[in-house]
Amino acid sequence: MIRIVSAKPLSDYRLKITFNDGVSGIFPVEPARRGGVFLKLLDAKVFNAVTINADFGCVEWPGGIDLCPDTMHQSMTGSEPKPDLHAELALHEDTKKHTKQREGH
């Protein structure tokens, strides 16, 4: 599971991020482009109050604003999302049940 281990606010609404897999770099938050609750981050005091959520390994700001570490990692590395094994197994199990129901089992 990808988690953020450090986050430092920089100018121009950017964060210096380090992930638990050693990847690090600069992530542009772009609050004006994101809109909605992210517009609160245009206030430098709010943006600079960034913390790391210990439970989820994501960056977050006051007011419940957060960013997904997986999405940030993919954006910074250009990698494709890794499939969720549990979701694949659940889908496989649902297909089995559906097939058995159609066959009258």
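Visitor: How much area does the chain expose, and what share do carbon and sulfur atoms supply?
Guide: This is a predicted model, in which local features need pLDDT of at least 70 and side-chain atom pairs count only at pLDDT 80 or more, while totals for chains, interfaces and linings use all residues. Residues are numbered from 1 along each chain as its sequence is written, and side-chain values use heavy atoms, with hydrogens and water left out. By the Shrake-Rupley method with a 1.4 Å probe, for which only the protein chains shown count as cover for residues, the chain exposes about 7,200 Å², and the share from carbon and sulfur atoms is 56%.

Visitor: In what order do the 3 strands of the open sheet stand?
Guide: Helices (H or I, at least four residues) and strands (E, at least two) are DSSP runs numbered from the N terminus, and two strands pair if DSSP finds at least two bridges between them. The pairing in this sheet is antiparallel, and the order is β4-β5-β6. Each of β4 (51-52) and β6 (65-67) has a single partner strand, so one side of each lacks a neighbour in the sheet; the edges are therefore β4 and β6.

Visitor: Which residue in β6 stands opposite tryptophan 61?
Guide: Strand β5 (residues 59-61) pairs with β6 in the antiparallel sense over 3 bridges. Opposite tryptophan 61 stands isoleucine 65.

Visitor: Is histidine 73 buried or exposed?
Guide: Histidine 73 belongs to helix α3 (residues 69-77). Buried means under 20% relative accessible area, exposed over 50%, and partly exposed in between (1.4 Å probe, protein chains only). At a relative accessible area of 9%, histidine 73 is buried.
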